[in-house]
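Here are my notes for you to read with the model open beside them. Take the points in turn and find each residue as you go.

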Amino acid sequence: MHVRFEEIAAIVGTGNVLTGADVAQRRVDWMTGASCRAGAIVRPGNTNEVAAVMRLCHAAGQPVVTHGGLTGLVHGGEAGPDELAISLERMTAIEAIDSIGGTMTVQAGAPLQAVQEAADAKDLVFPLDLGARGSCTIGGNIATNAGGVRVIRYGMMRQQVLGLEAVLADGTVISSMNRMLKNNAGYDLKQLFIGSEGTLGIVTRAVLRLQPKPGSERTALVACSSFEGVAGLLGHMGRELGGSLGTFEVMWRNHYSLLTEESGRNTPPLPARWPYYAIIESLGGADEENAARFGAALESALDAGLIEDAVLAQSDTQRRGIWAIREDIEGLIRHLAPLFTFDVSLPIPDMPAYAEGLETALHEHWPDGRLVVFGHLGDGNLHVSVSVGSDDPDTRRAVERLVYAPLAELGGSVSAEHGIGLEKRDYLAISRTPEEIALMRTLKRALDPQGLLNRHKILSMES
């Protein structure tokens with residue numbers, strides 16, 4: 001380590017500099033459960049402390065890695081023994097809620113679920129939602145431009161952030177805590193940090209945009225006999241429900257069957273005999289009106305042959321039961337480990353051929369390999385899980401090539417919402433042009449010339 005712990009402790013307090021066993025007992029991420037290898041973990045309590053720590057690190061040439069909820073899947077929080085981890089776990093305050101303006105000011109370490117609950121208490125909603133809501137943090141959501149299950153209605157995290165505060169590599173604080181919906185005064189600097197995975201600055205606070213709480217929520221699970229039916233159903237529900245279509249999630253049968261009938265982990269509301277299943281939600285106004293419109297849209301879809309069967313959730317318990325099938329990632333890990341996970345995006349019409357081609361290619365190399373697919377169909381995002389019996393580095397690279405190679409021709413992306421981190425860095429050129437990558441490097445050099453912030457992530461270190 002290049003920086004003295006005593007100097008850091010003088011800023012954040014002795015109890016907030018963790019070393020040795022206190023570091024090793026922490027996991028580096030949610031998926032692998034591997035121990036954190038950072039030289040130390042520093043826990044600042046506010047932006048000023050983060051800035052002071054970064055000034056010391058900058059002077060000493062000390063590399064740092066920012067830690068949020070550590071729910072990422074691309075090794076974005078991985079730190080080596082010569083790196084300092086800066087954890088925002090003490091910075092969890094919800095500082096203010098403006099019910100009239102529809103904004104919330106929070107520290108970056110606030111868990112997503114806490115933000116959702118605080119908005120709900122004011123009869124508002126923070127619309128970002130994903131399975132890791134109880135653990136992931138707002139700072140992490142911003143750093144990765146998180147997506148989740150309601151992108152089709154509200155957009156990615158980028159659309160939920162009005163302003164933010166960030167600390168640069170040299171300790172400079174960029175405070176752009178805008179609370180206005182419209183601010184066209186020069187460059188929108190917050191966009192530099194949203195989705196940059198902690199490589200350009202450490203986000204410490206944010207102003208979030210809140211939305212009116214829907215008057216009612218209706219959820220259905222439907223079965224489709226073809227992908228053409230699924231795609232047609234997406235268009236149909238969009239037309240029939242208009243702005244109230246909140247969610248359109250699709251599970252291939254290999255996902256639905258595994259987590260219901262095969263494993264017994266979840267009760268199947270519908271038999272697992274159809275090739276595709278979709279979770280559809282309508283976020284509408286008055287409950288009676290929303291229910292009638294939702295029911296009519298499903299009935300007309302059934303009449304048009306777009307769906308084969310459907311079940312409507314009649315209670316919150318039934319709704320949670322439907323979503324449990326979609327969000328049972330622990331079940332996937334338990335039954336498919338060792339497991340490789342991917343999140344890709346591609347044009348919706350190309351999805352069935354992509355999935356079928358990938359499964360064929362996998363079986364050619366590993367006859368007993370398994371492919372499981374589900375995703376946010378409405379925004380072109382598929383989550384792909386692959387199990388081939390081994391997770392050694394050579395096998396990983398072979399599987400990655402099969403998953404990513406077709407995306408170049410399709411105009412797809414190797415990352416829809418999880419980010420690049422270390423895991424996808426070598427495949428960035430599939431989704432970005434040389435000119436785009438060169439501009440990314442220019443931005444990195446301008447804001448972090450020593451390469452101290454989350455080094456090696458997204459972009460390899462230049463010689």
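Before we start, one term: a residue is called buried if its relative accessible area is under 20%, exposed if that area is over 50%, and partly exposed in between. Keep in mind, too, that this is a predicted model.

1. **A salt bridge on the inside.** Start with R326 and E249, whose side chains meet in a salt bridge at 2.8 Å, N to O. R326 belongs to helix α11 and E249 to strand β13, so the pair links distant parts of the chain, 77 residues apart. Are these two buried or exposed? R326 is buried, and E249 is buried as well.

2. **A second long-range pair.** Now look for R150 and E217, another salt bridge, with the closest N and O atoms 2.5 Å apart. R150 sits in the loop between α5 (138-144) and α6 (151-154), while E217 is in strand β12; 67 residues separate them along the chain. Their surroundings are worth checking one by one. R150 has a relative accessibility of 13%, so it counts as buried. E217, at 32%, counts as partly exposed.

3. **That pair has company.** Which residues are linked with R150 and E217 in a network of salt bridges? They are E281 and R319. If you want the wider picture, a search of the whole structure finds 30 salt bridges.

4. **A third pair to compare.** D98 and R179 also form a salt bridge between their side chains, at 3.7 Å, N to O. Here D98 lies in strand β5 (residues 94-98) and R179 in the loop between β9 (173-176) and α7 (190-193), 81 residues apart. D98 has 26% relative accessibility, so it is put in the partly exposed group. R179 is exposed, at 51%.

5. **The five-strand sheet.** Strand β5 brings us to an open sheet of 5 strands, in the order β5-β6-β10-β8-β9, with antiparallel pairing. Why do β5 and β9 each have one side without a neighbour in the sheet? They stand at the edges, so each has a single partner strand. Going from one strand to the next, the twist averages 10°. Further in, strand β6 (residues 103-107) and strand β10 (residues 202-209) run antiparallel and are joined by 5 bridges. To see how they line up, find M104, which stands opposite L208 in β10.

6. **The four-strand sheet.** There is also an open sheet of 4 strands, ordered β1-β2-β4-β3, and here the pairing is mixed. The edge places go to β1 (17-18) and β3 (64-67); each has a single partner strand, so one side of each has no neighbour in the sheet. β1 runs antiparallel to strand β2 (residues 40-42), with 2 bridges joining them, and L18 stands opposite I41 in β2. Helix α3 (residues 47-60) packs on this sheet and touches β2, β3 and β4 (84-87). The direction of α3 makes about 170° with that of β4.

7. **Two nonpolar cores.** How many residues does the largest nonpolar core have? It has 54, and L233 and I280 are the ones with the most contacts inside it. Setting aside neighbours within four places in sequence, L233 is in contact with V222, C224, F248, I280, A301, L306 and I307. Another core, of 49 residues, lies apart from this one; M104, F126, L128 and I202 are among its members.

8. **Helix α9 and its surroundings.** Helix α9 covers residues 253-262, and its buried residues are H255, Y256, S257, L258, L259 and T260. What do these residues pack against? The list includes strands β12 (216-224), β13 (245-252), β14 (276-284) and β17 (370-376), along with helices α11 (316-327) and α12 (329-336). After α9 comes G264, which has a positive phi, near 75°.

9. **One last residue, N290.** You will find N290 in helix α10 (residues 287-303). Its relative accessibility is 5%, so N290 counts as buried. Leaving out neighbours within four places in sequence, N290 is in contact with S216, E217, R218, S282, L283, G284 and G285. With S216 there is a polar contact between the two side chains, at 2.9 Å. By contrast, the C-alpha atoms of N290 and T341 are separated by 36 Å, with their positions 51 residues apart along the chain.

Technical notes. Residues are numbered from 1 along each chain as its sequence is written. This is a predicted model: local features need pLDDT of at least 70, side-chain atom pairs count only at pLDDT 80 or more; totals for chains, interfaces and linings use all residues. Side-chain values use heavy atoms; hydrogens and water are left out. Buried means under 20% relative accessible area, exposed over 50%, partly exposed in between (1.4 Å probe, protein chains only). Contact means heavy atoms within 4.5 Å. Two strands pair if DSSP finds at least two bridges between them. Axes are lines fitted to C-alpha atoms, for helices over the stretch in contact, and angles run from 0 to 180 degrees between N-to-C directions. A nonpolar core is a set of buried Ala, Val, Leu, Ile, Met, Phe, Trp, Tyr and Cys residues joined through side-chain atoms within 4.5 Å. A salt bridge is a side-chain nitrogen of Lys or Arg within 4 Å of a carboxyl oxygen of Asp or Glu. A polar contact is a pair of N or O atoms within 3.5 Å; within protein, one must be able to donate a hydrogen and the other to accept it, and residues adjacent in sequence count only if both atoms are side-chain atoms.
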